[in-house]
Amino acid sequence: MSDRLIFEADGRLFGFQTASVYKILETERVYFLPGQSKPVSGIVTLSGEPVAVLDTFALLSLSRKDLAEADRTETEQDTRDFHRIIVLKDGEKVLAFDIGSAEVSFVLEAREPVEGDSAAEPQPADEASPAEKIEVQGRDIEEIDWLPY
């Protein structure tokens, strides 16, 4: 297992390797791209350059489980068009994934201590390790291989 940025969708956990995560953007708008087709939901600009945004829910055939308009609280109504965009980069290839308003967190791989490295010393038993601070509840994390896109 490697370090991963994780999010939950449709009751499942998904992750991207953190080495690929370039930025996380929050926006109210993803711009329409003429001629776009699913799973492309539009574009965002990053440092003046357009970046294609994929609809992660459509790409993975997931349900958004949106609440009916009448059942939404005022806060939910204000955030229904909110987009959290995970921008991934590998060399010159840049691609973004829209995960809606899903929260993100990180799971860090446990590392073996390196002799002489005080930062790698084991934590005392009464302190939680980073993986224990993230509620993954023993569930599998499905890694998204984004490079084929």
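A strand, as I use the word in this notebook, is a run of at least two residues that DSSP marks E, and strands are numbered from the N terminus. I keep in mind that the model I am reading is a predicted one.

**Entry 1: Asp55**

I looked up D55 and found it in strand β5, which covers residues 49-55. Is D55 buried or exposed? Its relative accessible area is 8%, and buried means under 20%, so D55 counts as buried. Next I asked which backbone atom the side chain of D55 reaches. The side chain of D55 comes to 3.2 Å from the backbone nitrogen of A58.

**Entry 2: the sheet that holds β5**

I then followed β5 into its sheet. Five strands make up this open sheet, and I read their order as β3-β6-β7-β5-β4. The pairing in the sheet is mixed. Which strands stand at the edges? They are β3 (21-27) and β4 (40-46). Each has a single partner strand, so one side of each has no neighbour in the sheet. I also noted the turn between neighbouring strands of this sheet, which is 30° on average with direction ignored.

I looked at one pairing here in detail. β5 and strand β7 (residues 93-98) run parallel, and three bridges join them. Across this pairing, L54 stands opposite F97 in β7.

**Entry 3: Ile99**

From β7 I moved on to the loop between β7 and β8, where I99 has its place. How accessible is I99? Its relative accessibility is 0%, so I99 counts as buried. I wanted to know what lies around I99, leaving out residues up to four places away in sequence. My list reads F7, T56, F57, R84, I86 and V104, and I99 touches each of these. F57 caught my eye, as I99 and F57 are 42 residues apart in sequence. In space, the distance between I99 and F57 is 7.1 Å from C-alpha to C-alpha.

**Entry 4: the four-stranded sheet**

Two names from the I99 list, F7 and V104, turned up again here: F7 stands opposite V104 in β8. What order do the strands of this open sheet follow? The four strands run in the order β8-β1-β2-β9, with mixed pairing. At the edges I found β8 (104-107) and β9 (141-143). Each of these edge strands has a single partner, so each is left with one side that has no neighbour in the sheet. From one strand to the next, the twist averages 40°.

I went through the pairings along that order:

- β8 and β1: strand β1 (residues 4-9) runs antiparallel to β8, and four bridges join the two.
- β1 and β2: strand β2 (residues 12-17) pairs with β1 over six bridges in the antiparallel sense, and A9 stands opposite R12 in β2.
- β2 and β9: these strands run parallel and are joined by three bridges, with E143 in β9 as the bridge partner of G15.

**Entry 5: Arg4**

I picked R4 for a look at a residue inside strand β1. Is R4 buried or exposed? With a relative accessible area of 10%, R4 is buried. A polar atom of the side chain of R4 lies 3.3 Å from the backbone oxygen of I141. I set aside the neighbours within four places in sequence and listed the contacts of R4. They are F16, Q17, T18, S105, F106, V107, I141 and E143. Reading my notes side by side, I see that I141 belongs to the stretch of β9 (141-143), and that F16 falls in β2 (residues 12-17).

**Entry 6: two residues with positive phi**

Last, I looked up backbone angles. D10 is not a glycine, yet its phi is positive, at about 55°. Where is D10 found? D10 is in the loop between β1 and β2. These two strands form a hairpin with two residues between them. D10 has a relative accessible area of 27%, so I wrote it down as partly exposed.

S61 is another residue other than glycine with a positive phi, again near 55°. I located S61 in the loop between α1 (56-59) and α2 (74-79). Is S61 buried or exposed? Its relative accessible area is 66%, and exposed means over 50%, so S61 is exposed.

Definitions and conventions: Residues are numbered from 1 along each chain as its sequence is written. This is a predicted model: local features need pLDDT of at least 70, side-chain atom pairs count only at pLDDT 80 or more; totals for chains, interfaces and linings use all residues. Side-chain values use heavy atoms; hydrogens and water are left out. Buried means under 20% relative accessible area, exposed over 50%, partly exposed in between (1.4 Å probe, protein chains only). A polar contact is a pair of N or O atoms within 3.5 Å; within protein, one must be able to donate a hydrogen and the other to accept it, and residues adjacent in sequence count only if both atoms are side-chain atoms. Two strands pair if DSSP finds at least two bridges between them. Axes are lines fitted to C-alpha atoms, for helices over the stretch in contact, and angles run from 0 to 180 degrees between N-to-C directions. Contact means heavy atoms within 4.5 Å.
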